[in-house]
Amino acid sequence: MAMACSNSWQPRLWSSFIGDRFVCSAKPLRPLLSFNPRNNRASVQQTRILCNLVDILFNRSNKEDDISNSKRKRLRPGKVSPHLTVPDHIMRPPYANSRGSPQISSGPEIHDERGIECMRASGRLAAQVLEYAGTLVKPGVTTDEIDKAVHQMTIENGAYPSPLGYFGFPKSVCTSVNECICHGIPDSRPLEDGDIINIDVTVYLNGYHGDTSATFFCGDVDGNAKQLVEVTRECLHKAISICAPGVELNRIGKTIQNHADKYKFGVVRQFVGHGVGQVFHAEPTVLHFRNNERWRMVLGQTFTIEPMLTIGSINPIIWSDDWTAVTEDGSLSAQFEHTILITENGAEILTKC
């Protein structure tokens, strides 16, 4: 089980988008989406952490900012522009019109034929938006520019960008650069030659969410980064290949962990996959590491698999924006994600063009 960095070791897991706003602390911290192995239920808990960790991390000498044996410097927060607007005619998820907490389903997302077709449509659009966003990855381009492009393409196709306003997230896409594990907020930082960037796209179309992500190369990327990205991609597809009705979900984590271990890459434990459909996050919780969970896959069910691998530490530190999760040692992290449908013949990837 995962743990928070505290004196009180407690098993904790977080959805890869809902991630708990936790940092290393002397006190136990309450997760936003906690996982209870006794009843296999995800429960929502409000949390807010007031922390000056970013100031501590980034008010260092330039020498300390350098990652050992690398010219790459640790990420710094950039300027975040105001969130973008969505036309009134576009259907919104319930949380977009509410100041309360979004709905977190206590059951799996299982669909009839109409629901499956809607999931295919939202998944296809998410894949198309992600593919387009990937073409924008070049040195000098800011993640804020990528956010604007994702937002525009999403609304032009009659969909709502699911991250926008979700538990207060201020942007329409997540952009996670280099050591950022997930939930990076698009900002004014220009991409640099040699960066890797995960772009995480979710669209809400006709009442259904399609969720996908991929890690892209920016310019000339070194061999270690390329291997990390390729192995992470392989982990995702190997995990999808074992999915079918009746298969225990724990085989996903075992498959991913086994492949990552061959290359001595770490598998992040604190962020997990999840059911997805008419709600953004639902059961089951999909663990990407070896585990003993006994949920079984069901025909017509949709969920995400989204492994996050690292070259070094698997422990995340959360910036004071309460979203951005970075590796504690500044080592690179990569992620790939698909939404899949369990079919009679195995699994159908819904988030592909």
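**Exercise 1. Cysteines**

Work out whether C235 is buried or exposed in this predicted model, then do the same with C118 and count the disulfides.

*Solution.* Start with C235: its relative accessible area is 0%. Buried means under 20%, so C235 is buried. Next comes C118, at 14% relative accessibility. That is also under the 20% cut-off, so C118 counts as buried too. Finally, look for sulfur pairs: a disulfide needs two cysteine sulfur atoms within 2.5 Å, and by that rule the count is 0.

**Exercise 2. Strand β10 and its partner**

Find out how many residues of strand β10 are buried, and which way β10 and β11 run relative to each other.

*Solution.* First, take residues 271-275, which make up β10. Of these 5 residues, 5 are buried, so the strand is largely enclosed by the rest of the structure. Now turn to β11, residues 282-286: 3 bridges join β10 to this strand, and the two run antiparallel. To see one facing pair, pick G275, which sits opposite A282 in β11. Then check the connection: 6 residues lie between β10 and β11, and the two strands form a hairpin.

**Exercise 3. A nonpolar patch**

Place V298 in the chain, decide how exposed V298 is, and name the residues that make a nonpolar surface patch with it.

*Solution.* Begin with location: V298 is in the loop between β11 and β12 (302-305). Next, its relative accessible area is 36%. Partly exposed covers the range between under 20% and over 50%, so V298 is partly exposed. Last, the patch: V298 joins I110 and L299 in making a nonpolar surface patch of about 240 Å².

Methods. Residues numbered from 1 in each chain as written. Predicted model: local features only at pLDDT ≥ 70, side-chain atom pairs only at ≥ 80, totals over all residues. Heavy atoms only, no water. Buried < 20%, exposed > 50% of the residue type's maximum accessible area, 1.4 Å probe, protein only. Helix = DSSP H or I, 4+ residues; strand = E, 2+ residues; numbered from the N terminus. Pairing = 2+ DSSP bridges. Patch = residues over 30% accessible without salt bridge, like charges linked within 9 Å, V, L, I, M, F, W, Y side chains within 5 Å. Areas by Shrake-Rupley, 256 points an atom, 1.4 Å probe, with all protein chains shown as cover. Salt bridge = Lys/Arg side-chain N within 4 Å of Asp/Glu carboxyl O.
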